[in-house]
Every structure is written in C-alpha cells, then in structure tokens.
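Work through the exercises below with the sequence and the model open. Try each task before reading its solution.

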Amino acid sequence: MKTRLAVVISLSAALVGPGVKADSAAQELERSLRQPIDLAGWFPASEPGPLERSAKLVTPENPIPRRTHLVRPLYPPAAAAVGARATVNLRATIDETGRVGEVRTVGVPVLGSITGGTAEQSVVTAALQSLVESATDAVSQWLYDAPADGPLAFDVVIGFTSDGDGEVLSVGRIGGSGQASTAPVVTTVPLLERLDSPPWAEGTVRVGGGIRPPTKVTHVAPVYPEAARDAGVTGVVILEARIEADGRILHARVLRSIPPLDQAALDAVTQWEFTPTLVNGVPTPVMMTVTIQFSL
C-alpha cells in the first residue's frame, strides 16, 4: 500500500495598517516568519506484512527482549531545509532470532513544526516524508535477543528535533503504556490531502514501511552554475525521483525550488543509478525524495 501524507500548516503574518511604517511592518513580518509553523501530518495504517500477521503480543511472560544493536535515525537534509521537528510512530516486528523483519507506519498523526520562512505544502510534505523514511530505515537495522515466543510486534516512537539525529522516545507494547505521550508544538486542525502524484509515478512503490531505500551505485555531483556561484546563491533543492526497476532515474521533479540551481540538481540526479528495489523478489520502480545541497 502506498503511504499517503496529509499536511496542515497555519501561519500568522504581520499586516500593514494605516500609519504603520513599511520598514517596521517588514521587520515584524520577518520576525513572524522565524517562528515555528504548527503542522500535523497523517500516515494511515499500512497493511501488516506476513511476519506481523503471525506475531505474538507483548506480555509479561513474553516481553520485548534486550536490544543488542541500535541505529539512530539520521536527521535528513530535506527536514533540515525547513527546520522540521516531528514524532514518527512505527510498528516493528522481530522474528524468532531477534532481527527486525518488518517496519511500517501506523495510523497515528506525525506531529510537529517547521521553522518559518517557507510554507509550501510540497516542501513540508518532503520534509515529513524524509523523517519517516529515516526513522523506518534506522529501526529496520535494530537487533534484539531472541524473544521468548516470536515473532513479536511492538510500537516504536521516534522523535526528531532540528538539533541533531532522531531519538528513541518509546518502545512498548501495541496500544500500551509503553508508548510515549509526545507533545511537540501541535495544532489540531482538519487535514488536507497530499499533492497529486505525477503521471509517471504510476506503478511505483514509495520508500518507507517495508520498502528500504535502494543503494546508490553511481553518483554524479551537480555542476554549480557559474552565474549562481558568482551571485552567491546557495541552498537545498529537494527533488522527487522515480527509480526504475533497473535502478536508473528517468523522471524527477522539483519539490523545493531554488530557480538558479534547479536544473543543475535535475541534471545530476537523473544520472544516478541504484541497485534494483525488490518487492516480493521482483524488481520494482520506486519513488524517493532526494535532496541536493549547494554551498560555496
């Protein structure tokens, strides 16, 4: 099942009224744009995989075993571009050996905020999606002692701030008190649908849940446009790319634009190549968010 993201943004800005100097209003607007923007994103519960469907619940007689290997979720560039802070709720299932065999999102809101200054829905979508992908990829690499009665399913809550990599806020039984009560800056508001996918996304799966990011085997660095370099233009361009079953990228689009740098980012990314993504053993096209940072 494809992951669908709904995003809500509320932003207050200064208004210029009679008798207010334009420069004072501009300064007030700039201050307001630096304040956190509240948001809520929703990932509907995905379908359990075969391992989770056969999993046992956590009980006092069958507790979550000791974790022997921890991978912390990295704070991705797409989130850093807007200072995203959020919590991500996942369900992990370990097999009889203690290896995490399945990870998926559950139907719990992704709650948090972004730093003001840009509020395009596509940018926020990419930021939250990158946090979910990072959390899922990290948890899928954890290792545990063998459970008393496996496989075993439990909930994991990962928290991200803009200060560093993600933190494990809670690991606990499904629906139990082990799941943390998280309270970042949140506004409860109706939800909006995610931006429509492009026609060339048809037939793809999206990175996240049980779909791990493919491994890059060919990298081409972007060529910094001379005019942009001379003008001191820097920043992060966020792209969405379709990685074909053979690992090539034939289609990509810009989600967060820096006009002088967009084409350079697209030219580079469309030359990248990845290992094929296997779904049930079959090479399958995949959609993935890609970030390109330009700095002098």
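**Exercise 1.** In which helix does E52 lie? Then decide whether E52 is buried or exposed, and list its contacts outside the nearby sequence.

Solution. Step 1: E52 belongs to helix α2, residues 50-53. Helices (H or I, at least four residues) and strands (E, at least two) are DSSP runs, numbered from the N terminus. This is a predicted model, in which local features need pLDDT of at least 70 and side-chain atom pairs count only at pLDDT 80 or more, while totals for chains, interfaces and linings use all residues. Residues are numbered from 1 along each chain as its sequence is written, and side-chain values use heavy atoms, with hydrogens and water left out.

Step 2: E52 counts as buried because its relative accessibility is 11%. Buried means under 20% relative accessible area, exposed over 50%, and partly exposed in between (1.4 Å probe, protein chains only).

Step 3: Contact means heavy atoms within 4.5 Å. Setting aside neighbours within four places in sequence, E52 touches R91, T93, E102, R104 and A153.

**Exercise 2.** Describe the backbone at P151 and at N280.

Solution. Step 1: The peptide bond leading from G150 to P151 is cis, with omega near 0 degrees. P151 sits in the loop between β7 (143-144) and β8 (152-160).

Step 2: N280 is not a glycine, yet its phi is positive, at about 55 degrees. The loop between β15 (278-279) and β16 (282-283) holds N280. N280 counts as exposed, because its relative accessibility is 79%.

**Exercise 3.** What is the strand order in the open sheet of four strands, and which helix lies across β12, β13 and β17?

Solution. Step 1: The order is β10-β17-β12-β13, with mixed pairing. Two strands pair if DSSP finds at least two bridges between them. At the edges are β10 (205-206) and β13 (249-256), each pairing on one side only.

Step 2: β12 (residues 235-243) pairs with β13 in the antiparallel sense, over six bridges. A241 is opposite A252 in β13.

Step 3: The helix is α6 (residues 259-269), which runs at about 40 degrees to β12. Axes are lines fitted to C-alpha atoms, for helices over the stretch in contact, and angles run from 0 to 180 degrees between N-to-C directions.

**Exercise 4.** Where does pLDDT stay under 50?

Solution. Step 1: pLDDT is the predictor's confidence in each residue, from 0 to 100. The protein averages 74, and 70% of the residues score at least 70.

Step 2: pLDDT stays under 50 over residues 1-38, a stretch with 82 contacts beyond four places in sequence in the model. Over residues 176-195 the pLDDT is also below 50.
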